[in-house]
Amino acid sequence: MENCLVEINGLTKIYDVNKNPAVGNISIKLPRGRIIGLLGPNGSGKTTLIKMMNGILTPTSGSIRICGAPVGIETKAHVAYLPDRTYLSDGQRICEVLDFFEDFYSDFDKKRAYMMLENLGIEPDVKIQTLSKGTKEKVQLIMVMSRRAKLYILDEPIAGVDPAARDYILRTIINNYNPEATVLISTHLISDIEQVLDEVIFMRGGRIVMYTSVDNIREKYGKSVDAYFREVFACQAGL
């Protein structure tokens, strides 16, 4: 697949041999130039998959290749990752975080980061500890989206922000990534984010239930992604 950005083969992660795998023998290829929703109920394996893609967890078996290379030092230069928890140091000022990102990532665009901070009315000289949880999450997203990465992996990017800021954040995601790159977004707020998605991956029980385009769901089933997701998992919950 010439346009393939991520190739996953037989990927499995087992935390406890007496329980079902957190991720069970999944294989999938993700193309370049897409915004993809990674969707599933709690415990479906989304965050475990994301952490393996970022080298935070080691697979029990199987492989992940990003830009043709196995997950490691080389792929970290291509992947911009937004975790689902705050990682900023309370004692730092926002401008110091920008300096750190500029030193650590050769593809970090500090000018772009300052522009996004200004658009959100966030002062760069304030300390992280003075910010609300939602503002911290906005700052983290700005750091990630100010990189010129090939793969952006965002774990619940709008979960902690007020509804008024969500549209701006979604515009930030759309307008601040390389069209040749791919954005993988894990979220529970499907109705808020489906407007920006090209494709969706449904996960349940550590396995991929479906991988298809948003247009296909709308054309084939006559439903929004959110409505179809609720239908699929309501049916499965009743099995």
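These exercises, each with a worked solution, concern a predicted model of a protein.

**Exercise 1. Cysteines**

Find how many disulfides the model contains, and decide whether Cys67 and Cys95 are buried or partly exposed.

Solution.
- Step 1. Recall what is being sought: a disulfide is a covalent bond between the sulfur atoms of two cysteines.
- Step 2. Take the cut-off: the two sulfur atoms must lie within 2.5 Å.
- Step 3. Apply the cut-off to the model, and the count is zero disulfides. Cys67 shows how this works out: the nearest cysteine sulfur belongs to Cys4 and is 9.4 Å away, and Cys67 is in no disulfide.
- Step 4. Turn to exposure, where under 20% relative accessible area means buried and over 50% means exposed, with partly exposed in between. Cys67 has a relative accessible area of 22%, so Cys67 is partly exposed. Cys95 has 15%, so Cys95 is buried.

**Exercise 2. Positive phi angles**

State where Cys67 and Glu156 are placed and what their phi values are.

Solution.
- Step 1. Place Cys67: this residue is in the loop between S4 and S5.
- Step 2. Read its backbone angle: phi of Cys67 is near 55°, which is positive in a residue other than glycine.
- Step 3. Place Glu156: this residue is in the loop between strand S7 (151-155) and H6.
- Step 4. Read the angle of Glu156: phi is about 55°, again positive, although Glu156 is not a glycine.
- Step 5. Add the exposure of Glu156: the relative accessible area is 15%, so Glu156 is buried.

**Exercise 3. An open sheet**

Give the strand order of the four-stranded open sheet, and explain why S2 and S5 each have one side without a neighbour in the sheet.

Solution.
- Step 1. Write down the order: S2-S1-S4-S5, with antiparallel pairing.
- Step 2. Look at the edges. S2 and strand S5 (69-70) stand there, and each has a single partner strand, so one side of each has no neighbour in the sheet.
- Step 3. Check one pairing. Strand S1 (residues 4-13) pairs with strand S4 (residues 61-66) in the antiparallel sense, over five bridges. For Val6, the bridge partner in S4 is Ile66.

**Exercise 4. The surroundings of Gly24**

Decide whether Gly24 is buried or exposed, and list its contacts beyond four places in sequence.

Solution.
- Step 1. Locate Gly24: it is found in strand S2 (residues 23-31).
- Step 2. Compare its relative accessibility with the limit: the value is 4%, so Gly24 counts as buried.
- Step 3. Leave aside the neighbours within four places in sequence. The contacts of Gly24 are then Leu11, Thr12, Gly206 and Arg207.
- Step 4. Compare sequence with space for one pair: Gly24 and Gly45 are 21 residues apart in sequence, and their C-alpha atoms are 8.8 Å apart.

**Exercise 5. Pockets**

Describe the volume and the lining of the two largest pockets.

Solution.
- Step 1. Start with the largest pocket, which holds about 500 Å³ of space. It is lined by 27 residues, and closest to its centre are Tyr81, Phe101, Phe104, Tyr105 and Arg147.
- Step 2. Assign the lining to elements. Helix H2 (73-76), strand S6 (79-82) and helix H3 (94-104) are those that give two or more residues. H3 gives the most, with four residues.
- Step 3. Sort this lining by class: 17 nonpolar, seven polar and three charged residues.
- Step 4. Repeat for the second largest pocket, with about 160 Å³ of space. Its lining has 14 residues, and Asn42, Gly43, Ser44, Lys46 and Thr47 lie nearest the centre.
- Step 5. Helix H1 (residues 46-53) gives the most to this second lining, with three residues. By class, the second lining has two nonpolar, eight polar and four charged residues.

**Exercise 6. Cavities**

Find how many cavities of 30 Å³ or more the structure has, and sort their linings by class.

Solution.
- Step 1. Search the whole structure: the result is two cavities.
- Step 2. Take the largest, with a volume of about 50 Å³. Its lining includes Ile8, Leu38 and Leu184.
- Step 3. Identify the elements: S2, H1 and strand S9 (199-204) each supply at least two residues of this lining. S2 gives the most, with three residues.
- Step 4. Sort the lining of the largest cavity: 11 nonpolar, no polar and no charged residues.
- Step 5. Take the second largest cavity, of about 30 Å³. Among its lining residues are Leu120, Lys138 and Thr172. Helix H5 (133-145) and helix H6 (163-175) are the elements that give two or more residues to the lining of the second largest cavity.
- Step 6. Sort the lining of the second largest cavity: five nonpolar, one polar and one charged.

Notes. Residues numbered from 1 in each chain as written. Predicted model: local features only at pLDDT ≥ 70, side-chain atom pairs only at ≥ 80, totals over all residues. Heavy atoms only, no water. Buried < 20%, exposed > 50% of the residue type's maximum accessible area, 1.4 Å probe, protein only. 1 Å grid on protein atoms, 1.4 Å probe; cavity = no way out; pocket = protein on both sides within 12 Å on 5 of 7 lines; lining within 4 Å. Points joined across faces, edges and corners; volume = space filled by probe spheres on them. Nonpolar A, V, L, I, M, F, W, Y, C, P; charged D, E, K, R; others polar. Contact = heavy atoms within 4.5 Å. Pairing = 2+ DSSP bridges.
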